[in-house]
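Work through the following exercises with the coordinates open, and try each task before reading its solution.

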Amino acid sequence: EYEALMGTNPSHFSGCADCPVEEVNWFEALAYANALSVSEGLAPCFELSGVESGSTVTVLSMSGNPYDCEGYRLPTEAEWEYAARAGTDLLNAGSDDVDAVGWYETNSGNQTQLVATKFPNAFGFYDMSGNVWEWCWDWYGGDYYSQSSSTDPVGPGGGSDRVNRGGSWGDVPSFLYIALRHWNDPSSRYDNLGFRLARSVL
């Protein structure tokens, strides 16, 4: 899907067309979200000055809030966790048994694997634990949730790193726990870091 829309496959593991895309930075994930929105006749959510460190991003909604745009976007960290938990209190997205739902260091063969080949969670989402880490919209703040609103928090107002969630093919099982939080500079590209998109119901 990424290659069909963007004309390139940046993935380190490029021989698998149905594996998750990786080696995509946070800005490139937003650029893909915009391109997908436009391809479906939806208003894009972002204005981007570039896709490298130092690029600027403007949310194209009246409120300046990513929830309030029509097109595709990255989920907030709270949305990601809500989707992964799917109304349960399980360790991983879909099961306490990591092998049932996730690709990680022991079973991945040290590379990404085909999507949707493990069991989904209760909402029908696959691979939210393992395969690749996933970019979220939010700036990372270590104590943010102890101070934030409990309703639809959108992350700190600034920072230096953006949130990643979910764990990857190269991690130990505890890194695939839903509750685990991670972060990277938004210009980072890694072969274990990708994304999934969200859209608001307006």
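**Exercise 1. Find how many disulfides the structure holds, and describe each one.**

Solution. Taking a disulfide as a pair of cysteine sulfur atoms within 2.5 Å, the search returns two disulfides. The model is a predicted one, in which local features need pLDDT of at least 70 and side-chain atom pairs count only at pLDDT 80 or more, while totals for chains, interfaces and linings use all residues. Residues are numbered from 1 along each chain as its sequence is written, and side-chain values use heavy atoms, with hydrogens and water left out.

Step 1. Cys16 is joined to Cys19, with an S to S distance of 2.0 Å, and because the torsion about this S-S bond is about 80°, the disulfide is right-handed. For accessibility, buried means under 20% relative accessible area, exposed over 50%, and partly exposed in between (1.4 Å probe, protein chains only). On this scale Cys16 is partly exposed, at 21%, whereas Cys19 is buried, at 11%.

Step 2. Cys45 and Cys69 form a disulfide, with their sulfur atoms 2.0 Å apart; the torsion about the S-S bond is about 80°, so this disulfide is right-handed. Helices (H or I, at least four residues) and strands (E, at least two) are DSSP runs, numbered from the N terminus. The pair links distant parts of the chain, 24 residues apart, since Cys45 lies in the loop between H2 and strand E1 (46-48) and Cys69 in the loop between strand E2 (57-59) and strand E3 (72-73). Both Cys45 and Cys69 are buried.

Step 3. Counting bonded cysteines along the chain, the pattern is 1-2, 3-4. Cys136 is in no disulfide, and the nearest cysteine sulfur, that of Cys69, is 15 Å away. Cys136 is buried, with a relative accessible area of 0%.

**Exercise 2. Determine which strands pair with E5, and whether its faces are covered or not.**

Solution. Step 1. Two strands pair if DSSP finds at least two bridges between them. Strand E4 (residues 133-139) is joined to E5 by three bridges, and the two run antiparallel; here Trp135 stands opposite Asn164.

Step 2. E5 is also joined by three bridges to strand E6 (residues 182-184), again in antiparallel fashion, with Trp183 in E6 as the bridge partner of Val163.

Step 3. In a regular strand the side chains alternate between the two faces of the sheet. For E5 (residues 162-165), Arg162 and Asn164 lie on one side and Val163 and Arg165 on the other, and all of these are buried, so that both faces are covered.

**Exercise 3. Identify the aromatic partners of Trp26, and then the charges that sit over rings.**

Solution. Step 1. Rings of Phe, Tyr and Trp (its six-membered ring) pair if their centres lie within 6.5 Å, and planes under 30 degrees apart count as stacked, over 60 as edge-to-face and the rest as tilted. The whole structure contains 11 aromatic pairs. Among them, Trp26 and Phe27 are edge-to-face, at 5.3 Å centre to centre and 80° between the planes.

Step 2. Trp26 and Trp137 form a tilted pair, at 5.5 Å and 40°. Because Trp26 lies in helix H2 (residues 26-39) and Trp137 in strand E4, the pair ties together parts that are 111 residues apart in sequence. Both Trp26 and Trp137 are buried, and ring pairs link Trp26, Phe27, Phe46 and Trp137 into a cluster.

Step 3. A charge sits over a ring if NZ of Lys or CZ of Arg is within 6 Å of the ring centre and within 35 degrees of the ring normal. The charged end of Lys118 sits over the ring of Trp103, 4.3 Å from its centre, and that of Arg162 over the ring of Trp139, 3.6 Å from its centre.
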